[in-house]
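Me: I've got a model on screen and a few things I'd like to talk through. Can you walk me through the strands and the cysteines?

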Amino acid sequence: MLFPNAETRHYVRHLHSNFKNAGFRAKELKDLLWKAARASTTREFDDAMDKLRKTNQHAYDWLKEKNPTHWSMSHFSIWSHSDMLVNNLSESFNKMILEARGKPILTMMETIRTKIMLLIVKKKEEADKWEGFLCPKIKKKLDVNMKDLLRCVPSHAGGDKYQVECGPGNQHVVDLVQNSCSCRNWDITGIPCIYALAVIHIKDVFPKSYIQTWYTKGPKQWAYVSNMLLILPPPLRRPPGRPTKERRKELHEPQTTKRLSKRGVEMRCSKCKRIGHNKRSYKGEVGQNIPVKRHQVGVRTQQQATSSQQEGTPTQQGGPTQLPTALTQIPTTPTHQKAALRQKLPLRRKSTTTTIRWMPSTQESSMTDH
């Protein structure tokens, strides 16, 4: 809504992830998807899609609903001069600003500005060590394209246009004024393709003038001031906490975590020693939920009665055994009567009066001892 003229592209790796979630997991289908994404012309795109339709009609119908201007090079505009199909640039930027993302807005913007300043200075120091005027990666691409010039035969087609043939059925038209080729690789990337290099080679022109300026070291735009003090970046402050350093991975990606997984491990409560919960969710009694048996005076338990029956009566054992009279005459009161008496007792309150106890003096105690 805010930038209606801005070009929107989709990350092809995420597109392929949704492609697999839809049920199309075969490697052949994956290769056809990427072939359609890397196609630079509409003819190559149509051929890849037609082959996908013959391989799997349902996969073709699913991919046909996606607008190719968002994910195929054949439908990209030539104004951005970028053939990127992945989101690695944004992933790298998000990792760089990971420290600043959790800060307030002003602090976050200042931290990002500082990091970009340091990055520009670092890249400038690296560019000063380059040999030549081209970036190393761009020079490597040109060297690869220059090796295949022998099989390309250019011919003048009128004006500044040339027709280049690099094999049967492989013909393209190159326009040196518009810096364009019918293969659209030069238009999209800004780097001369093999067909454009063949024309540049026969014209004996150095390819520097046909490469976009952002691929070169570039001239120095600022005048050097001798009496100016050095501008140093502000000191970096380590934020509190432990920020996340790895991006969230999908389910099919390998998880590189150092923590051991607790999947399949049975929890055991440290209080009741049972399996299935821990001490935080424990709601029972201590001691394995076993109720404590209280001993009652005068009431014989079942275990004592059983043991006395096994030992037998004194007459059965042979000798007369008599217990002390005092012990045999102790009356036993039922437990329920004791509970009733205990409930009827009045509540004892703590006395507030102070009792003074007389203690004999030292002289009186000595006289009493004599």
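Reply: Sure, here are some questions and answers on this predicted model.

Me: Which residue in β2 is the bridge partner of V153?

Reply: Start with the pairing: β1 (residues 153-158) and β2 run antiparallel, joined over five bridges. They make a hairpin with two residues between them, and G159 in that turn has a positive phi of about 70°. Follow the bridge from V153 across to β2 and you land on E165.

Me: And what stands opposite E165 in β3?

Reply: β2 also pairs with β3 (residues 171-175), again in the antiparallel sense over five bridges. This hairpin has five residues between the strands, with G167 at a positive phi near 120°. Across from E165, in β3, sits Q171.

Me: Which residues make up the covered face of β2?

Reply: β2 covers residues 161-165 and has two faces. K161, Q163 and E165 are on the uncovered one. That leaves the covered face to Y162 and V164.

Me: How far apart along the chain are the cysteines of the disulfide, C152 and C166?

Reply: The sulfur atoms of C152 and C166 are 2.0 Å apart, and the pair forms a disulfide. The link is right-handed, with 115° about the S-S bond. C152 is in the loop between α7 and β1, while C166 is in the loop between β2 and β3, so the link joins distant parts of the chain. Their separation is 14 residues.

Me: Why does C135 count as buried or exposed?

Reply: The cut-off for buried is under 20% relative accessible area. C135 is at 18% relative accessibility, so the verdict is buried.

Terms used
Residues numbered from 1 in each chain as written. Predicted model: local features only at pLDDT ≥ 70, side-chain atom pairs only at ≥ 80, totals over all residues. Heavy atoms only, no water. Buried < 20%, exposed > 50% of the residue type's maximum accessible area, 1.4 Å probe, protein only. Helix = DSSP H or I, 4+ residues; strand = E, 2+ residues; numbered from the N terminus. Pairing = 2+ DSSP bridges. Disulfide = S-S within 2.5 Å.
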